[in-house]
Amino acid sequence: MDPEELREVIVKPAQSAGHIVERALTARLIDEIADEPGGLPLLSHVLRETWRRRRGRALTEEAYEAAGGVHGAIAQSAEEVWADLSPEHADLARLVLLRLITPGDGSQDTRRPVDRAELDFTGPSGGPAPTADVALVLDRLARARLVTLDRGTVDLAHEALITAWPRLSGWIDEEREQLRVHRRLTEAARGWDDLGRDPGALYRGTRLATAQEQLAEATLTAPERAFLTASGAARRSERRRRRGLVGALATLLVLALVAGAAAWQQNRTGDRRRVEAEARRVAAVADGMRFSDPRTAMRLSVAAARLADTTETRSTLIGAMAQRDEDVFAVPGADSGFDGSGNDVHRLTADGRSVVSVTADRVRIWDLRTRRLTLSAPGPGKLMDGVPAAVGPDGRTLALLAGDRVELWDVRSARVTRTLPGVDAMQTPFDFTARALVAVDWDDGGVHAYDPRSGRATLRIPEPAGGVAGLAASPDGRWLALCTGSRSLQLWDLAHRRKVSAPWTARVRAAECRDHAVEFSPDSRTLTVVGDDGIHGWDPRTGRGTLSARADGLTQVWPGGDGTFLVGTGPHRLVVWRAAHPEVPVLSRRTVADEWDDIAFDRTAGVLRCLGGSATVVRSLALGTASTSPWQRATAYRAAFSDDGRVLARSVETGGVRRVQVLDTRSGRVVMEPSTRPCPGAQPCADLMALSGDGAYLATARDRYDPGERTAPDRARVTVWDVRTGRARATLDVGAEPDGSPAVSGLALDAHGRTLLVYRSATRPSVEVWDVAGHKRLRTVRSVRPGDTVTSDSEGVGLALRSDGAALVTREGLVADLRAGRVEPRVLGEDLITTAAFGPDGSRLAVGDVLGRVTLWDGAVRARLGVLDGTTSDPSTDATGAVTAFAFSHDGRTLAVAGAGGSLRLWDLASQRLLGTTLPTPGDEIRALAFGADGTLYASGVHVLVQRYDLDPRRLVTEVCGRAGSGLSGSAWRTYLPDLPYRRTC
């Protein structure tokens, strides 16, 4: 509008109402309104406010300024209304005014007409605002000409109010984003209501989340609140459906995964079981092949152990380590063209390294360690046509028994080097050593002896009564022993050409006169004869008995190489002893062979070579550590290991003097030797000792007791020693029993040496519990009745203490419950008890008897768990004899059992089956056993200090692979394991 038109707008309405407007005011209004956007509403409002403040009929400039001017009039009016409202109504006014505004998005904020119904608010809690209060606020705002009410519609009276009133502008700026969201919500709620509240029109997703976040505390109308609530409910319902769907899908997925995993696991389990079944089968095959093909058996054992870890594979691996059969060598060509004429001869060399195969065409020598042909020379040819032959001890000379003479054939030069005339020699009996050749004449039965070096006849002996069925010449060429048909012995001195007439020769009787019924030792100092009860030896110079090896069923004797070992054979029997100590055999086994053609000892390889009766196959039997273990002259009567096998205590006798020693098993060094006094005079006594489980303390006592006189000293002194310092930790005096029985019969220390248990084998046996640190007796537990003593032992009574110290078992068959204070006799074994031991956790008790059987009990000694019969579990070996020692592995799964016959066996306790075969021992009776923390088994014997057996499966595999020479080849794998892919085993 131009200024003139504005003048009319200002002046005429006032004139029509009988009022006048000051010229100055008119000019000012025209000036201020002319360029003002939306100026007419401002003009209208400021004129009204000026009119209200007029003086008489005139609207003055003073009244205009009092009203606030063009820009301040609206704000001033609004503030006046706001100030007159109560706080509750002021809040309602704020809500109403904000409802009437549409916030701009990059543009000016504008007014928004709304239906009256939209101003029926509900609070955040959902409760409605009073309608009367809303109406009152609207009336106040309308009378102030801030809003207009027109037929149910509410609108701002002037859009200029938005920018002119700072308070309203501030509200808008504070809640601009919320107002935008609110406006969209209002429109959406109206659309939802118009569509009959169609669920499809509800908010979802981000819009719903934004609305709930922005309008959480907002005042809404009922439709808006209902819309938002329905949207939230729909979302929750959808979430529930989604969760249900997701849950169903997840369940299906889980079920599918479980089914897949179960199928995979079942398939894997099936594969594992199939592999385990194959491993068990191969283990059984390996066990069955140890005699026929030892090397393949060892390779199969390793393959089985590589495939699966089961009791059977563990057993076959131990069996491979322990098997005596090292190799079987079939002499090439030895079984072809055999006609029984004696024209083919096979013999072992004296050093056991080679086998000599002789035919008329060729003489071949095979190295038994490498299986290589080391010599192939021309044979005697026609000289051997129908002529028996014998091989010299070095394999280089043949003796051809050619009618009326014996011709010596040199193998290397392929010619006869010497002829021994005057004898039509029998093939047997016959003996050929480096310095003597002895034969029996077919015609007169006389015995002819020659020196093969010179060809000189050294002696001719007429046929003795009954003839000669067996003979032996000493290696030094001095002695000749004849076994006659009457089983009597004749000894001849070849050097002096006379018969030895000594009384002891008349007492000698052979079990059976035949080849190798009599033999000389390699040093010619011992003549051995196989008798009915074993092998006995005499010094041919003095007639003094030098050895006695007891065994039944033997018919032949063979000196072992350099004389270290002595071998006895018989039908289905083979026994090996240490020649100097034949009390316990190194090897005793049942065999399928009933005839033995030759036996020799290969000292370098540590094996015994055996040529069977067919003379076509050489079997090599390993003697294990028997050929390498250091042998001590001192005799150990008692021995005990610490729980980890690192400390060994022994009671040994040297030169008639006994002493107790404590040794470090790793170095063999004596770490302590307690000072003890020897028994006075000839009075019987025994060194009693006990080692604590940790090896830190040793208890010793001397039991002096004469069972014939029933007398004993007044008291016994028990000393507990600190092994580390070598000093006495405690000295305890134990009084004698009134009945004259020993003051101390047995000792036991707990794991850490804190408690000492003293056993008294009196009329009423008792167990005394002593506090070592306090030097005092804590309590005495006596037997429930007299007469419970079962045995008496000059070496004291062995005790087995449970790991918790609450139970003790004696070798006399007494069980002491130390907590309940009760000692009672029990029948714990199949026969007389020899030893007992508790498992590491105290859950098992093993009891051994004199027949070699082991009875297993629970730790409370109430329930019998089974019997391990060592006499039948390994049919290839002889009876074990009485059980001498036990050891449980640290996991309680394995029990090591030693027998008086020098045997050592491992048992799996869960299955109660023998693991492998009897372990190789050095021919010594074992006194103590212990398992180390790494699974190594320690054994201490009468003469061998410590023997170690590494039973870790990985190291066993390495050891067996070394013995076998290689792993199972691909072709052998396809033969024995055709259904499994090849695996490298060694």
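Reader: In which strand is the place of Pro 429?

Author: This is a predicted model. In it, one strand spans residues 425-432, and Pro 429 has its place there. That strand is S19.

Reader: Which peptide bond is cis, with omega near 0°?

Author: The bond leads into Pro 429, a residue of strand S19. Its omega is near 0°. The cis bond runs from Thr 428 to Pro 429.

Reader: What is the mean pLDDT of the protein chain?

Author: Of the chain's residues, 87% reach a pLDDT of 70 or more. Over residues 337-342, however, the pLDDT is below 50. Where pLDDT is low, the predicted coordinates should not be read in detail. For the chain, the mean is 85.

Reader: How many contacts does the stretch 706-712 have beyond near neighbours in sequence?

Author: Here too the pLDDT is below 50. Contacts with near neighbours in sequence are left aside in this count. For residues 706-712, the model has 10 contacts.

Reader: Are H12 and H13 roughly parallel or roughly antiparallel to each other?

Author: Helix H12 covers residues 222-289 and helix H13 residues 294-307. Their axes lie 8 Å apart, at an angle of about 160°. Angles over 145 degrees count as roughly antiparallel. Therefore H12 and H13 are roughly antiparallel.

Reader: Is the crossing of H12 and H13 left-handed or right-handed?

Author: The two helices pack with their axes 8 Å apart. Their crossing is left-handed.

Reader: How many nonpolar residues are in the contact of H12 with H13?

Author: H12 brings residues including Val 275, Ala 279 and Met 289. H13 brings, among them, Pro 294, Leu 300 and Leu 307. By class, the contact has no charged residues and 2 polar ones. The nonpolar residues number 12.

Reader: Which residue does a disulfide join to Cys 483?

Author: The whole structure has 2 disulfides. In one of them, the S to S distance from Cys 483 is 1.7 Å. The link is left-handed, with -70° about the S-S bond. The partner is Cys 513.

Reader: How many residues apart in sequence are the parts that Cys 483 and Cys 513 tie together?

Author: Cys 483 lies in strand S24, residues 479-484. Cys 513 lies in the loop between helix H15 (503-507) and strand S27 (518-520). So the pair ties together parts whose separation in sequence is 30 residues.

Reader: What is the phi of Arg 151?

Author: Arg 151 sits in the loop between strand S7 (147-150) and strand S8 (153-156). Arg 151 is not a glycine, yet its phi is positive. The value is about 55°.

Technical notes. Residues are numbered from 1 along each chain as its sequence is written. This is a predicted model: local features need pLDDT of at least 70, side-chain atom pairs count only at pLDDT 80 or more; totals for chains, interfaces and linings use all residues. Side-chain values use heavy atoms; hydrogens and water are left out. pLDDT is the predictor's confidence in each residue, from 0 to 100. Contact means heavy atoms within 4.5 Å. Axes are lines fitted to C-alpha atoms, for helices over the stretch in contact, and angles run from 0 to 180 degrees between N-to-C directions. Helices (H or I, at least four residues) and strands (E, at least two) are DSSP runs, numbered from the N terminus. Angles under 35 degrees count as roughly parallel, over 145 as roughly antiparallel, 65 to 115 as roughly perpendicular and the rest as oblique. A crossing is left-handed if the near helix is turned anticlockwise from the far one by less than a right angle, and right-handed if clockwise. Ala, Val, Leu, Ile, Met, Phe, Trp, Tyr, Cys and Pro count as nonpolar, Asp, Glu, Lys and Arg as charged, and the others, Gly among them, as polar. A disulfide is a pair of cysteine sulfur atoms within 2.5 Å.
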